[in-house]
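User: Please take a close look at one part of this protein, the charged side chains and their surroundings. Give me one connected account.

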Amino acid sequence: MAVNNIYYVDMEKRYLDYQNGAIDMRNLHPMVYDDRNVALAVRQLGQSPGRMTPGPDGSNYKTLENYSVMELAEIVRERLLKKQMDYVKRIYIPKSNGKMRPIGICSIWDKLVEKCIQLVVEPYCETKFVESSFGFREQVSTHNALAKVKNYCQTMPYVLSVDMKDYFGTIDADITYRELWHIGIKDQVILNYS
């Protein structure tokens with residue numbers, strides 16, 4: 001599989017296109033399986049620390065090496081349009097407090113489709129996030145969040161710390177659908193896949 005520079009996606013341009021309203025929010029799914037987007041997704045999956053972890057079907061990043069970018073783009077298209085997902089393998093890893101934390105491991109095919117969707121949706125979501133949002137974003141870090149907290153602590157009389165137990169394990173798919181729709185993701189193919 002050749003993932004070279006001819007498959008270059010300019011993410012900054014994509015971000016600016018979203019900001020300027022140059023992208024049809026009701027027809028995002030063709031961008032998901034565009035071969036340049038798929039090549040970027042494959043490249044990013046190749047840098048993931050869990051890339052060699054076998055999924056429930058035994059697939060891992062090496063499985064993708066048997067396919068061209070065009071073949072992978074067609075696989076992503078088929079899986080997205082048919083809403084095809086594999087089951088998730090559940091494993092438990094120990095936590096520092098002695099309890100076990102559940103982790104879901106999906107197939108490399110589901111990881112690929114999800115990464116392709118992320119590369120399309122994330123730049124748009126970046127245009128909608130508030131300044132105080134620091135979680136799981138590339139442009140900001142925990143250091144930025146700590147600096148903001150330190151700055152606020154100089155003028156605010158109190159600090160509130162909240163720890164949500166099993167937050168990501170309890171997210172309702174219907175709420176996710178509504179929130180994505182509310183911020184402007186109107187493509188039914190992507191929304192129905194989520």
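Analyst: Arg 101 counts as partly exposed, because its relative accessibility of 44% falls between the limits of 20% for buried and 50% for exposed. The model is a predicted one. Arg 101 belongs to strand 2, which covers residues 100–105. On the surface, Arg 101 is part of a patch of positive charge, together with Lys 95, Lys 99 and Lys 165.

Other charged side chains are paired. Side chains of opposite charge can pair when their charged atoms come close. The structure holds 8 salt bridges, and three of them are described here one by one.

One salt bridge joins Arg 77 to Glu 74, with 3.0 Å between the closest N and O atoms. Both residues sit in helix 5 (residues 69–81), where a spacing of 3 residues puts them about one turn of the helix apart. Arg 77 is partly exposed, at a relative accessible area of 26%. Glu 74 is partly exposed as well, at 36% relative accessibility.

Arg 79 has two acidic partners, Asp 86 and Asp 110. With Asp 86, the closest N and O atoms are 3.1 Å apart. Asp 86 has a relative accessibility of 25% and is therefore partly exposed. Arg 79 has a relative accessibility of 7%, so this residue counts as buried.

The salt bridge between Asp 110 and Arg 79 has an N to O distance of 2.7 Å. This pair connects distant parts of the chain, since Asp 110 is in helix 6 (residues 108–128) and Arg 79 is in helix 5, with their positions 31 residues apart in the numbering. Asp 110 counts as buried, because its relative accessibility is 3%. Elsewhere, Glu 74, Arg 77, Glu 78 and Lys 82 form one network through salt bridges that share partners.

Lys 83 lies in the loop between helix 5 and strand 1 (89–94). Most residues other than glycine have a negative phi. Lys 83 is not a glycine, yet its phi is positive, at about 50°. The relative accessible area of Lys 83 is 48%, so the residue is classed as partly exposed.

Aromatic side chains provide a further link to helix 6. A search of the whole structure gives 2 aromatic pairs. In the pair of Tyr 67 and Trp 109, the ring centres are 5.3 Å apart and the planes stand at 90°, so the arrangement is edge-to-face. Tyr 67 is in the loop between helix 4 (61–64) and helix 5, while Trp 109 is in helix 6, so that this pair too links distant parts of the chain, 42 residues apart. Tyr 67 is partly exposed, with a relative accessible area of 29%. Trp 109 is buried, because its value of 11% is under the 20% limit.

The surface also has a nonpolar patch. Leu 160, Val 162, Met 164, Tyr 167 and Ile 171 make up this patch, which has an area of about 550 Å². Tyr 167 is placed in the loop between helix 7 and helix 8 (173–183). At a relative accessibility of 42%, Tyr 167 is partly exposed.

For the wider setting, the protein has 9 helices and 2 strands. Starting at the N terminus, the order of elements is α-α-α-α-α-β-β-α-α-α-α. The C-alpha trace spans about 60 × 50 × 35 Å along its principal axes. Of the 194 residues, 30% count as buried.

A last position gives a distance within this frame. Val 140 is in the loop between helix 6 and helix 7 (142–153), and its relative accessible area of 21% makes it partly exposed. Val 140 and Leu 80 are 60 residues apart along the chain, and 30 Å separates their C-alpha atoms.

Note on methods. Residues numbered from 1 in each chain as written. Predicted model: local features only at pLDDT ≥ 70, side-chain atom pairs only at ≥ 80, totals over all residues. Heavy atoms only, no water. Salt bridge = Lys/Arg side-chain N within 4 Å of Asp/Glu carboxyl O. Helix = DSSP H or I, 4+ residues; strand = E, 2+ residues; numbered from the N terminus. Buried < 20%, exposed > 50% of the residue type's maximum accessible area, 1.4 Å probe, protein only. Patch = residues over 30% accessible without salt bridge, like charges linked within 9 Å, V, L, I, M, F, W, Y side chains within 5 Å. Areas by Shrake-Rupley, 256 points an atom, 1.4 Å probe, with all protein chains shown as cover. Lys, Arg positive; Asp, Glu negative; His and termini not counted. Charge placed at Lys NZ, Arg CZ, Asp CG, Glu CD. Phe/Tyr/Trp six-rings, centres within 6.5 Å; stacked < 30°, edge-to-face > 60°.
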